[in-house]
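Student: Could you walk me through reading a helix and the aromatic rings on it?
Tutor: Sure, let's look at one together.

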Amino acid sequence: MERLTGAGVPFVHEGSRPFFRDVSDHLTRVNEHVEGLDRLLSDILSAHLAQMGVRQNDDMRKISAWAAMAAVPTMIAGIYGMNFTHMPELKQPWGYPGVVVLMAGVIAVLYRWFKRRGWL
């Protein structure tokens with residue numbers, strides 16, 4: 001459009017040059033508006049991706065907390081499942097209930113700790 005407003009273009013009537021200048025101005029304004037909308041859309045998409053990352057991080061924390069609470073009784077049950085003969089609790093009448101209470105207590109402590117930290 002800017003070439004058509006100049007004097008060096010053949011077959012362009014001298015009276016129509018101001019109209020080409022006007023069209024060029026409109027085209028420049030529209031182009032700037034479209035570029036602004038493009039930047040705005042890019043910023044919105046970046047903010048959305050950041051928000052999704054935060055949500056995924058929260059989900060991973062919750063999954064990790066539940067996995068930690070499941071790992072404690074699994075570890076204790078795994079040790080007692082090895083059938084050692086020289087474990088002092090095995091001959092005690094309070095051994096099995098004590099271990100179950102220990103597991104429940106550790107899980108309760110972990111649950112409260114994760115709840116206070118906002119992981120659950």
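Tutor: Helices (H or I, at least four residues) and strands (E, at least two) are DSSP runs, numbered from the N terminus. The expected span of a helix is 1.5 Å times one less than its number of residues. This is a predicted model, so local features need pLDDT of at least 70 and side-chain atom pairs 80 or more, while totals for chains, interfaces and linings use all residues. Residues are numbered from 1 along each chain as its sequence is written, and side-chain values use heavy atoms, without hydrogens or water.

Student: What span should helix H3 have?
Tutor: H3 covers residues 95-117, so its 23 residues should span 33 Å, and its end C-alpha atoms are indeed 33 Å apart. After H3 comes Gly118, with a positive phi near 85°.

Student: Which residues of H3 are buried?
Tutor: Buried means under 20% relative accessible area, exposed over 50%, and partly exposed in between (1.4 Å probe, protein chains only). In H3 they are Gly95, Val99, Met103, Leu110 and Phe114. Helix H2 (17-80) is among what covers them.

Student: How many aromatic pairs are there?
Tutor: Rings of Phe, Tyr and Trp (its six-membered ring) pair if their centres lie within 6.5 Å; planes under 30 degrees apart are stacked, over 60 edge-to-face, the rest tilted. The structure has three such pairs. One is Trp66 with Tyr111, tilted at 50°, centres 6.3 Å apart. Trp66 sits in H2 and Tyr111 in H3, so this pair ties together parts 45 residues apart in sequence.

Note on methods:
Contact = heavy atoms within 4.5 Å.
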